[in-house]
Amino acid sequence: MEKDSSLLATFKAYSLPLILFSGAMFYQLLVIPQSFPPSHYDILGVGMYAPVEEVEEAYGKLSSRMSDSDSSNLFDFIKIRYAYELLTNPIWRRNYDAFGIEEQLNVVKEAKQLFSGKPFSDVPLPLLDYSSSSSSSNIHLLLSLPLWTLMQVYSSNSGCCSHYSGAWKRIVSILDGVAITASVELGEVQVAAYLAEKKPTGKSFFRNGLPSIIAFPTGCKTVACSTRFEGQLSVDAVTDWFATTVLGLPRIPYYSKESLVQTFLAKVSPHKVKVLFFSKTGERATPFVRLAAVKYWDLASFAFIMWREEDSSLWWNNFEVESAPAIVFLKDPGAKPVVHHGTVNNSQFLDLMERNKYQEFRQLRAVTSNELGCDARGYSRAGADTMTWYCVVLAGRLSSELNAMRATMRRVQDILSNDAELNTDSEDPFIPAAVALKKKRLTFTWLNGESQKKYCFFYLQSETSYETCGPRRDMMDVPRLFIIRYKRNLTEENEPVKSKPKTMWDALNDQEYDGASQLVARYNGSNEIPQIIEWVASIIKDGDSRDLPFFRTKTPELVPEDVDSTISKGFQGVVSKSSGLMHKIYATMRGLPDRLGDPRIGPALLLGALIAFGSIWLQRSQEKAPPREANQPNESNGTTQPKSKDEIRKLRRRPSEIRSNMADKDRPSSLTDEEPKNAYQMPLSDSDSD
């Protein structure tokens, strides 16, 4: 029993070196042979740099030794034939020698399954398919350009690359203006080796074969900051990977006919243009569409719709869409949709967005007040030289009544801007408004009275203002129309700037009032278009002809309304996936299989096992040495060793006492230390008198 327990303790003590030794043997006997299988040069029995003639001669000798009637030679013949065709083709051999690429390796397994049990004379030759790729011409690295670079590494004699060439051309056209695209053929050995991944042994290789897609961010000049595509090669997969993973752009979702109204149209901010994409293929948004979604995030919202023939009548009745692909721009309520049929490229789509990025009857907001010329602190749309200008504002809460009035005012704006519907006779009462609109002295806009309640109450100060401004209190929503005349005082504008204000109150006054004077007129008529136009024209005619008092005040500032900041903030805060901690962790995990096949691991484990074994043996040998008995005198100095640990602690705590005792032992004896032999002690009496 004691022998078994001793054996178990020994095994437990040496468990670490045993584990390391087992790992070393596992690597050397199993992992390394699989990581470094026999090369095709070994199969033919020739050297790595053997000429083609030597390869052909070796193949002829090996094939002549095989008997066609023996079916067991089938697999050996296929391996020999595969090696022969691979090494006699200069491009395939170059790819195999430099990067270990064998894109037709599956031919060996397929041939073995198809012709199992048959003579190898039934195997059709050649085994490998010779194809020529029609990819773009060779170009070198374009990493110094100020754009993202997407590179394709291909082989001109590769079947996979030839099959993918059409998709690559489509990707190049889609990414035009978004990224620089380039192709590198493996014949450019130095460039291809630079773009390839490296094994621990220093061997260059492409993990997913060819073609290989690599993206370089702006300013990246090394492969360390690049990102590699590892999915299935297709136009949609590559472009979506480049837009989402590389550029960090948001995806644009698809909507069905049931979810389009509730999930998208009803939730989009009322000042935005709705951009609808109809697609037959279901492909995701291209990178240039996503870039446009980020660029115009404050003006437009985007949605994709899958086109189905059974829904064609629905889309025609609502958006006048005949077929897909198509792009629809929905602007103001009741306005006719703008429809574009067919595919578009980057420049064409940006041109469409520039022409349709605004609603026809725009909303007055904090970010648009200066642009629209409806800000007393700013100037007219006509320029800073214009002293008098006008702004017609429709205020109200978001409701069907407001939408109906917006449609009416949009029609008023269209009539005044369309010369064909106006009588150019000088007696026409509409002429002052039409001329002011044409010269950009007149602007039509609408205001959200609920979100801009202070601004709304400032101009509509009446008992019924709560029907238009502020939060909804009852079921009644009454949109109201008013016009503001802005006028700048040329005399005050030309006065020299004071070097120093006289008092603090003067300084506050200079900052208190707006730069332009404002006079407000409210409309109390019907919703008839001619009556509204006549009222606007009369206000403009009266404001331009009469010398009205100059009165300045402080206008409440427009409140920044809620915007879809998810896209803007998310895009600005995006960190490229080609940098950062997550990219490094992912790169490490991806290269773990390659590192596990490193031939240095086995010897390292064996060395660790030997060191651990030696350390444990030395430690156990010292523990088995017989200990010195307690309180045994030391032969060298005759001192006695302490018996216990307590005595050792006492000796350590009293070093001064120990040193004094040792000094007493070495000190010579004094005359008064011992009593003399004939010494006598005199007796003393009890009395002092004696």
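This passage walks through a helix pair, the cysteines and some backbone details of a predicted model.

A good place to begin is the packing of two helices. Two packed helices are described by the angle between their axes and by the distance between those axes. Here the pair is helix α8, which covers residues 159-174, and helix α10, which covers residues 235-246. Their axes come within 9 Å and cross at roughly 40°. This angle makes α8 oblique to α10, since angles under 35 degrees would count as roughly parallel and those from 65 to 115 as roughly perpendicular. The crossing of α8 past α10 is right-handed. On the α8 side, the contact is made by Y164, A167, R170, I171 and I174. On the α10 side, V235, V238 and T239 take part. Sorted by class, the contact between the two helices has six nonpolar residues, one polar residue and one charged residue.

The cysteines come next, and the structure holds two disulfides. One of them joins C374 to C391, with an S to S distance of 1.9 Å. The angle about its S-S bond is 85°, and the link of C374 and C391 is right-handed. This pair links distant parts of the chain, its two cysteines being 17 residues apart. C374 sits in the loop between α15 (369-372) and β12 (388-396), whereas C391 belongs to strand β12. Is each end of this bridge buried or exposed? C374 has a relative accessible area of 1% and is buried. C391 is buried too, at 0% relative accessibility. Both values fall under the 20% limit for a buried residue, so neither cysteine counts as partly exposed.

The other disulfide joins C456 to C469, and here the sulfur atoms are 1.8 Å apart. With -60° about the S-S bond, the link of C456 and C469 is left-handed. C456 lies in helix α18 (residues 453-459), and C469 lies in the loop between α18 and β14 (480-487), so the bridge ties together parts that are 13 residues apart in sequence. The ends of this bridge are also buried, with relative accessibilities of 0% for C456 and 1% for C469.

What keeps C160 from a bond with C161? The sulfur of C160 is 6.8 Å from the closest cysteine sulfur, that of C161, and this is too far for a bond, because a disulfide needs the sulfur atoms within 2.5 Å. Seen from the other side, C161 is in no disulfide, and the sulfur of C160 is the nearest cysteine sulfur to its own. The surroundings of these two cysteines can be read from their accessibilities: C160 is partly exposed at 39%, while C161 is buried at 0%.

Several loops also deserve a friendly look. The loop between α7 (106-114) and β1 (148-154) contains G117. This glycine is exposed, with a relative accessible area of 59%. The C-alpha atoms of G117 and N73 are separated by 9.7 Å, and the two residues are 44 residues apart along the chain. P126 is found in the loop between α7 and β1 as well. A cis peptide bond joins L125 and P126, with omega at about 0°.

Another cis peptide bond joins A324 and P325, where omega is about 5°. P325 is placed in the loop between α13 (312-319) and β10 (326-330). E320 also lies in the loop between α13 and β10. Although E320 is not a glycine, its phi is positive, at about 60°. The relative accessible area of E320 is 32%, and the residue is partly exposed.

Where along the chain does K440 lie? K440 is in the loop between α17 (431-438) and β13 (442-448). Its phi is positive, at about 65°, although K440 is not a glycine. With a relative accessible area of 44%, K440 is partly exposed.

Terms used:
Residues are numbered from 1 along each chain as its sequence is written. This is a predicted model: local features need pLDDT of at least 70, side-chain atom pairs count only at pLDDT 80 or more; totals for chains, interfaces and linings use all residues. Side-chain values use heavy atoms; hydrogens and water are left out. Axes are lines fitted to C-alpha atoms, for helices over the stretch in contact, and angles run from 0 to 180 degrees between N-to-C directions. Helices (H or I, at least four residues) and strands (E, at least two) are DSSP runs, numbered from the N terminus. Angles under 35 degrees count as roughly parallel, over 145 as roughly antiparallel, 65 to 115 as roughly perpendicular and the rest as oblique. A crossing is left-handed if the near helix is turned anticlockwise from the far one by less than a right angle, and right-handed if clockwise. Contact means heavy atoms within 4.5 Å. Ala, Val, Leu, Ile, Met, Phe, Trp, Tyr, Cys and Pro count as nonpolar, Asp, Glu, Lys and Arg as charged, and the others, Gly among them, as polar. Buried means under 20% relative accessible area, exposed over 50%, partly exposed in between (1.4 Å probe, protein chains only).
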